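Visitor: I should like to take a close look at a single part of this protein. Could you guide me through the largest cavity and then through what lies around it?

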Amino acid sequence: MERKRIYLASPTMHGDEQRFVQEAFDTNWVAPLGPNVNAFEKELAAYTGCGYAAALSSGTAALHLANILAGVKEGDIVFAQSLTFSASVNPSCYEKAVPVFLDSEPDTWNLDPAALRLAFEKYPHPAAVIAVHLYGTPAKIDEIRDICREHGVSLIEDAAESLGATFQGQMTGTFGDFGIYSFNGNKIITTSGGGMLAAKEEAVVERARFFSTQARDPARHYQHSNIGYNYRMSNIVAGIGRGQLLHLEEHLEKKRALYRQYREAFADIPELSMNPMNPKGEANNWLSCVTVAPDCPVTPVQIMDALAEYNIETRPIWKPMHLQPVFEACDFIQVRDGHSVSEEVFDRGLCLPSDIKNTPEDMELICDIVRRQFGR
Ligand SMILES: *Cc1c(COP(=O)(O)O)cnc(C)c1O
């Protein structure tokens with residue numbers, strides 16, 4: 001018999017989701033828009049304190065609209081954190097902007113404020129800056145925001161992985177001019193697929209809703225002065241989101257507990273480090289990651305292979321964007337010559353199973369297998 005699969009991060013449903021979806025069926029609000037969409041937006045805005053939010057079909061759609069609202073256009077330069085998922089930067093390319101990739105700092109693995117300063121020296125007028133809270137660890141977002149303000153450039157805060165994580169008590173996704181969240185299948189809460197664009201001003205979010213529903217002018221006939229998109233979240237999907245949001249705190253507690261369990265299990269292995277936390281904030285610990293010391297003979301691939309033998313899912317660290325074939329021609333800004341933090345994390349790291357349905361036995365098995373690689 002095949003061993004039970006242990007997942008990296010799979011959806012966890014509770015039943016409340018079905019209640020909201022049933023309501024949508026019962027009232028025939030199956031079409032896009034409807035009470036669940038409005039309520040999900042209000043509930044997420046209240047939870048995060050972001051101001052206003054537009055429910056969309058994906059986090060990528062939210063990023064695309066953030067780029068459009070920030071005025072990103074053909075030929076513009078956009079600064080983006082290199083160590084991230086490609087969805088952080090693809091939407092800038094939809095608008096034919098040119099990404100310039102920035103290295104991470106070692107304290108949080110996120111956009112290095114020093115690299116951002118260097119980038120502004122080389123390219124004084126980017127159209128936007130895209131910062132990420134990778135794996136749910138808050139970036140040095142206060143410094144990043146201050147530098148963006150100094151230069152009068154829009155900050156797009158990709159909080160796709162960090163819903164519920166805070167920096168100095170403030171929710172991630174609420175620092176930038178635009179914040180974006182994702183409810184993709186493996187995120188901390190999921191709607192099967194979906195996203196949210198957040199901003200402080202209602203007019204900005206209203207503009208996002210306008211673009212997300214085909215940019216129809218307020219005229220009696222069908223009139224369009226802009227290119228629009230079909231990016232709105234459906235009322236069914238929003239019902240799942242409302243149900244999930246009721247359990248976000250519970251998901252956060254469990255994610256944080258998994259991280260602590262790994263940290264304790266590996267405390268006596270100096271060659272193995274957990275992904276960093278930001279002492280000025282609280283991560284949501286969406287994924288627990290480890291890195292192996294550079295001089296250690298154990299490789300991340302070896303650990304991943306050992307776990308795979310037990311049907312345990314892992315994932316490599318995101319491959320930095322400046323190393324991607326599709327972005328070969330793009331510039332990369334790092335603070336120290338010949339020493340790239342994003343490349344080191346990519347070379348030496350991996351993501352461990354962070355599914356909140358992992359049992360204590362699952363966790364013990366995972367930790368044992370990892371420990372064995374280090375002769376423990
Ligand atoms: C998941 C993710 C996205 C994209 O969100 P989707 O809802 O899948 O479109 C963007 N940025 C980061 C960092 C992500 O992890």
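Guide: The account below begins with the cavity, turns to the ligand, and ends with two sheets. Please keep in mind that the model is predicted.

Let us begin with the empty space inside the protein. Rolling a probe the size of a water molecule over the atoms shows where empty space is left. With a threshold of 30 Å³ or more, the count comes to 1 cavity. The space in the largest cavity is about 80 Å³. Its lining consists of 15 residues, and those nearest the centre are S10, T12, K187, I188 and K255. Sorted by class, this lining holds 7 polar residues, 5 nonpolar residues and 3 charged residues. Where does the largest cavity lie with respect to the domains? Domain 1 covers 16–245 and domain 2 covers 248–373; the cavity lies between them, because both domains give residues to its lining.

One residue leads from the cavity to the ligand. K187 is among the residues nearest the centre of the largest cavity, and K187 is also one of those that come nearest to the ligand. Around the ligand there are 16 residues, of which T60, D158, E161, S182 and K187 come nearest. For K187, a polar side-chain atom is found 3.2 Å from an oxygen atom of the ligand. E161 likewise places a polar side-chain atom 2.6 Å from an oxygen atom of the ligand. In the side chain of N184, an N or O atom is 3.2 Å from an oxygen atom of the ligand.

We may now turn to the sheets. One open sheet has 3 strands in the order β7-β6-β11, with antiparallel pairing. At its edges stand β7 (170–171) and β11 (281–282); each has a single partner strand, so one side of each is left without a neighbour in the sheet. Strand β6, residues 166–167, runs antiparallel to β11 and is joined to it by 2 bridges. Within this pairing, F167 stands opposite G281 of β11.

Another open sheet has 4 strands, ordered β10-β12-β15-β13, and its pairing is antiparallel. Its edge strands, β10 (272–274) and β13 (315–316), each pair on one side only. Between β10 and β12 (residues 289–292), which run antiparallel, there are 3 bridges. As one example, M274 has V290 in β12 as its bridge partner.

Technical notes
Residues are numbered from 1 along each chain as its sequence is written. This is a predicted model: local features need pLDDT of at least 70, side-chain atom pairs count only at pLDDT 80 or more; totals for chains, interfaces and linings use all residues. Side-chain values use heavy atoms; hydrogens and water are left out. On a 1 Å grid over the protein atoms alone, a cavity is a set of points where a 1.4 Å probe fits but cannot get out, and a pocket is an open set with protein on both sides within 12 Å along at least five of seven lines; lining residues have an atom within 4 Å of a point. Grid points are joined across faces, edges and corners, and a volume is the space filled by probe spheres set on the points. Ala, Val, Leu, Ile, Met, Phe, Trp, Tyr, Cys and Pro count as nonpolar, Asp, Glu, Lys and Arg as charged, and the others, Gly among them, as polar. Domain bounds come from an automatic or database domain assignment. Two strands pair if DSSP finds at least two bridges between them. A residue is near a molecule or strand if one of its heavy atoms lies within 4 Å of it. A polar contact is a pair of N or O atoms within 3.5 Å; within protein, one must be able to donate a hydrogen and the other to accept it, and residues adjacent in sequence count only if both atoms are side-chain atoms.
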